[in-house]
Amino acid sequence: MGKKKENEMSSAMEIDDGSDQILPRFSMNVLQLMKTSQAQHGLRRGDYDRYRRYCSARLRRLYKSLKFTHGRGKYTRRAILESTVTDVRFLHVVFYMAERAWSHAMEKRQLPDGPNARQRIYLLGRLRKAVKWATVFSSLCSVKADSRTSLEAEAYSSYMKGTMLFEQDQNWETALACFKNARAVYEELGKYGDLENQVLCRERVEELEPSVRYCQIKIGKSNLQTSELLQIGEMEGPALDLFKAKIEAAMEEARSQQAASLTEFNWLGYRFPVSNPKSRVSILKAQELEKDLQGPTAESLPAEKKLTIFDKLFTAYNDARNTIRSDLVSAGNAESVKDDLNGLDKAVGAVLGQRTIERNQLLVKIAKSKLNRKRDDKNEKVTKPEELVRLYDLLLQNVADLSDLISSGRDRKPEEIAFEEECQRKSLAFRAERCFYLGKSYSLAGKRVEAYALYCCARSLAEDAVSKFQSIANKDEGTIQELKTLSRECRANSCIEHATGIMEEEKAPENLSKKISTISLNDTATKAEEYLLDKLDVYESAVGDANTKMAPNIERFPPAFQSIPRNPIVLDLAYNCIEFPVLEERMKKGRGGFMSRFFR
């Protein structure tokens, strides 16, 4: 009995020792790992297919390094349990399983025409798989990882659940609670740790904010409009791709409803019927983008944002024109329908030409701001006058095309005639600007006479343009002031070129006499031209200034001839005078038979 009691006490002690043993706690920066993996493997450009392939390759490497393969031949999955997690890499396996399923779902979401019914079912299945693995990841981290890793894993799992509900368009209260939970965790974690981690957490909070607002709108707890949500979601990031897709779908639905009321397209006094729903939606989308460019907040928009809006606007109008031309092909012999479609195509093309001119004018404004800027940064590109000349060539071509399109009709209204006259005034102003910057390019090349003539021509064109702009009733004061400023600059630059040309002409004999005085008949007195290979020990440029057209002195080309030694020519003159001895006596005489006589 005593021995049995002693054994029970020892076993009890072993159990106590095992329960008091401190288990290892793994540490894993989940948010940083996710952001780094996504940024370095395709999601910086929205390539979900590449990121999914990276997750698969990463999982293969993890399985191999952990020796956690699933057998050869028949595949049997080995479950990852709490007892299995003896290394932090097991947590990485579960994490990348969730990431792979999520990226596969987002890849289907980013299809050009959107997922169809079958693809949507597959998409939701992959999101459920991502939620499953994220939940497993959170539960394992709560047991095997430290408190910070457990919190990040919980926020990651909440985000995955919210994403699935967001895509399903149901249970908005649960989705809102998931997004809020994730946002609260990242807000709290952003108060601690190093600076990089704080920045990542703040960025994550900003990425989650539009989804929270959208869920609140769906529930009815917010009065934000869809346009305000678009402004909130202007930032970039993989977490916002699904939100942007939802907003775009909502905008398309709203445009489809508004397009029912858009029955006519007004342009220069004409009213063209719009019967095709696709044309209505495209025109309505373009008109909304025009409001962003011409509204009260247009001045505060940066130039890059305006260029992006212009690109979207051109896409919308081109889609409308493609639909109109498809309707023209299918119209058959209905002349009235074809006339309406031709007029609508002309009107949309004219509006597209106007917006093209506005975009090119914006490019000119950006180029002018960089014209006189000094290059402080190596990556900053300074505008040359030739680039502005090219932009004004484009503007002149745009105005000519638009004018040809307006004047193509037979019976024109007064609005069309006034519009064509406006195109002529713009063309004259653009010619003056082009002539001015062409003179600048000649001035930088040192051609004073050509630059002076171009400045005078630009001044004359600018004064003509000012007189034409002042002759109309609705005067464009901004354009008139720009042309007056251009005229003053042309006068100032022409005076500078005139004075510089006279100074160079006065100094020409002096410079010539200096050059002649250095000429000597003695070749040794002339200074030899030095090349780069002759002065490698001296830090001196052999290329010359970038503004001058001097040939680089690197090496002489073609190289000069050099004398080289060669083998001597030997003439054996005594060969014919030598008498060689006769050696026939020393030769062996063979004894042949009867038949050898015939083979001699």
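Which hand, left or right, does the crossing of H3 and H4 have? The views below, drawn from a predicted model, take up this crossing and then several other details.

**View 1. Helices H3 and H4 are packed against each other.** Two packed helices are described by the angle between their axes and the distance between the axes. For H3 and H4 the angle is about 160° and the axes are 9 Å apart. Since angles over 145 degrees count as roughly antiparallel, H3 is roughly antiparallel to H4. The crossing of H3 and H4 is left-handed, which is the reply to the opening question. Helix H4 itself covers residues 88–109, and its 22 residues reach 32 Å from the first C-alpha to the last, close to the 32 Å expected at 1.5 Å a residue. Most of H4 is covered, with 17 of its 22 residues buried.

**View 2. Asp47 and Lys67 sit in loops on either side of H3 in the sequence.** Asp47 belongs to the loop between helix H2 (30–40) and helix H3 (48–66), and with a relative accessibility of 32% it counts as partly exposed. Although Asp47 and Met106 are 59 residues apart in sequence, their C-alpha atoms are 9.7 Å apart in space. Lys67 lies in the loop between H3 and H4, where its relative accessible area of 72% makes it exposed. Most residues other than glycine have a negative phi, and most peptide bonds are trans. Lys67, a residue other than glycine, nevertheless has a positive phi, near 55°.

**View 3. Helix H8 packs with both H7 and H6.** Helix H7 (residues 172–189) meets helix H8 (residues 195–219) at an angle of about 160°, and their axes are 8 Å apart. That angle makes H7 roughly antiparallel to H8, and H7 passes H8 in a left-handed crossing. Helix H6 (residues 147–168) packs with H8 at an angle of about 25°, and here the axes are 12 Å apart. Because angles under 35 degrees count as roughly parallel, H6 is roughly parallel to H8. The crossing in which H6 passes H8 is left-handed.

**View 4. Strands E1 and E2 form a hairpin.** Strand E1 (residues 264–267) and strand E2 (residues 270–273) run antiparallel and are joined by four bridges. Among the residues facing each other across the pair, Glu264 stands opposite Pro273, and Asn266 stands opposite Arg271. The hairpin has two residues between the strands, and Leu268 takes a positive phi near 50°. In a regular strand the side chains alternate between the two faces of the sheet. E1 shows such an alternation, for Phe265 and Trp267 point to one face and are buried, whereas Glu264 and Asn266 point to the other face and are not buried.

**View 5. Helix H11 begins with a cap from Asn276.** A side-chain oxygen of Asn276 lies 3.0 Å from the backbone nitrogen of Lys278, and in this way Asn276 caps the N-terminal end of H11. The helix runs over residues 277–294, and at 1.5 Å a residue its 18 residues should span 26 Å, which agrees with the 26 Å between its end C-alpha atoms. An α-helix has 3.6 residues a turn, so residues three or four places apart point the same way. The buried residues of H11 include Leu289, Glu290 and Leu293 toward the later part of the list, together with Ser279, Arg280, Val281, Ser282, Ile283, Leu284 and Ala286.

**View 6. Ser330 lies in helix H12.** This helix covers residues 303–330, and Ser330 has a relative accessibility of 60%, so it counts as exposed. A polar atom of the side chain of Ser330 lies 3.2 Å from the backbone oxygen of Asp327.

**View 7. Arg459 lies in helix H16.** H16 covers residues 448–470, and within it Arg459, at 31% relative accessibility, counts as partly exposed. Arg459 and Cys435 are 24 residues apart along the chain, and their C-alpha atoms are separated by 8.9 Å.

Note on methods:
Residues are numbered from 1 along each chain as its sequence is written. This is a predicted model: local features need pLDDT of at least 70, side-chain atom pairs count only at pLDDT 80 or more; totals for chains, interfaces and linings use all residues. Side-chain values use heavy atoms; hydrogens and water are left out. The expected span of a helix is 1.5 Å times one less than its number of residues. Buried means under 20% relative accessible area, exposed over 50%, partly exposed in between (1.4 Å probe, protein chains only). A polar contact is a pair of N or O atoms within 3.5 Å; within protein, one must be able to donate a hydrogen and the other to accept it, and residues adjacent in sequence count only if both atoms are side-chain atoms. Two strands pair if DSSP finds at least two bridges between them. Axes are lines fitted to C-alpha atoms, for helices over the stretch in contact, and angles run from 0 to 180 degrees between N-to-C directions. Angles under 35 degrees count as roughly parallel, over 145 as roughly antiparallel, 65 to 115 as roughly perpendicular and the rest as oblique. A crossing is left-handed if the near helix is turned anticlockwise from the far one by less than a right angle, and right-handed if clockwise.
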